[in-house]
Amino acid sequence: MERSDVQIDQKLTSSEIISQEPVLQLWTFQEVAKHSSPSSLWIVINNHVYDVTEFIYEHPGGMEVILEFAGMDATGAFEGKGHSDDAKQLLQKYHIGKLHESDHRG
């Protein structure tokens, strides 16, 4: 008996769908603090970690603004400036994970 090439419409269970979601890397503040120079610059915004090393030269407000918060929590500065939706969308390009729950602020 020959096998015919029949496409089967397979539905995934919710546990299979969940297992296919990307797992975010967890970082501690201690690890983030190691990246506080122009050659490796990470910041935390709303408990998410961003590697903005490549962006510091493009930042409209100048690199000094970002360097001030290198390796630190920049949530207050970022939110306080009232960044546009476009800026918030651009930030996602640099997202590398979340801050470990034990280091969450506010």
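**Fold, sheet and largest pocket of the predicted model**

Along the sequence, the elements of the protein chain succeed one another in the pattern α-β-α-β-β-β-α-α-α-β. The model described here is predicted. Five helices and five strands are present in the protein chain. The chain has 106 residues, and buried residues make up 27% of them. Its accessible surface comes to about 7,900 Å², with 51% belonging to carbon and sulfur atoms. Of the contacts between residues at least 6 apart in sequence, 68% join residues at least 24 apart.

The five strands form an open sheet with mixed pairing, in the order 1-5-4-3-2. Strand 1 and strand 2 (36–37) stand at the edges with a single partner strand each, so one side of each has no neighbour in the sheet. At one edge, strand 1 (residues 26–27) pairs with strand 5 (residues 95–99) in the parallel sense, over two bridges. Within this pairing, L26 has K98 of strand 5 as its bridge partner. Strand 5 also pairs with strand 4 (residues 48–51), here in the antiparallel sense and over three bridges. In strand 5, G97 is the residue opposite V49. In general, the strands of a sheet pair through backbone hydrogen bonds, in either a parallel or an antiparallel sense.

Strand 4 is joined to strand 3 by four bridges, and the two run antiparallel. One of the facing positions places W42 opposite D51 in strand 4. At the other edge, strand 2 and strand 3 pair in the antiparallel sense over two bridges. Here S37 stands opposite S40 in strand 3, and S36 stands opposite L41 in strand 3. Strand 3 is mostly covered, with five of its six residues buried.

Two hairpins are found in this part of the chain. Strand 2 and strand 3 form a hairpin with two residues between them. Strand 3 and strand 4 likewise form a hairpin with two residues between them, and N46 lies in the turn. The loop between strand 3 and strand 4 holds N46 and also N47. N46 has a phi near 50 degrees, a positive value in a residue other than glycine. The phi of N47 is near 65 degrees, again a positive value in a residue other than glycine. The two residues fall into separate burial classes: N46 is partly exposed, with a relative accessible area of 42%, whereas N47 is buried, with a relative accessible area of 12%. The value for N47 lies under the 20% cut-off for a buried residue.

Side-chain packing was examined through aromatic rings, and the count comes to two aromatic pairs. W27 and W42 form an edge-to-face pair, at 4.7 Å centre to centre and with 70 degrees between the planes. W27 belongs to strand 1 and W42 to strand 3 (residues 40–45), so this pair ties together parts that are 15 residues apart in sequence. Both W27 and W42 are buried. In the other pair, the ring centres of F55 and Y94 are 5.6 Å apart and the planes stand at 45 degrees, so the pair is tilted. F55 lies in the loop between strand 4 and helix 3 (63–67), and Y94 in the loop between helix 5 (85–91) and strand 5, so the pair ties together parts that are 39 residues apart in sequence. F55 and Y94 are buried as well.

The largest pocket has a volume of about 460 Å³. Its lining comprises 20 residues, and those nearest the centre are F55, H59, I66, F78 and H83. F55 is thus both a pocket-lining residue and a member of the tilted aromatic pair with Y94. At least two lining residues come from each of strand 3, helix 3, helix 4 (75–80) and helix 5. Helix 5 gives the most to the lining of the largest pocket, supplying three residues. Strand 3 therefore takes part in the lining of the largest pocket, in addition to its antiparallel pairing with strand 2 and with strand 4.

Definitions and conventions
Residues numbered from 1 in each chain as written. Predicted model: local features only at pLDDT ≥ 70, side-chain atom pairs only at ≥ 80, totals over all residues. Heavy atoms only, no water. Buried < 20%, exposed > 50% of the residue type's maximum accessible area, 1.4 Å probe, protein only. Contact = heavy atoms within 4.5 Å. Areas by Shrake-Rupley, 256 points an atom, 1.4 Å probe, with all protein chains shown as cover. Pairing = 2+ DSSP bridges. Phe/Tyr/Trp six-rings, centres within 6.5 Å; stacked < 30°, edge-to-face > 60°. 1 Å grid on protein atoms, 1.4 Å probe; cavity = no way out; pocket = protein on both sides within 12 Å on 5 of 7 lines; lining within 4 Å. Points joined across faces, edges and corners; volume = space filled by probe spheres on them.
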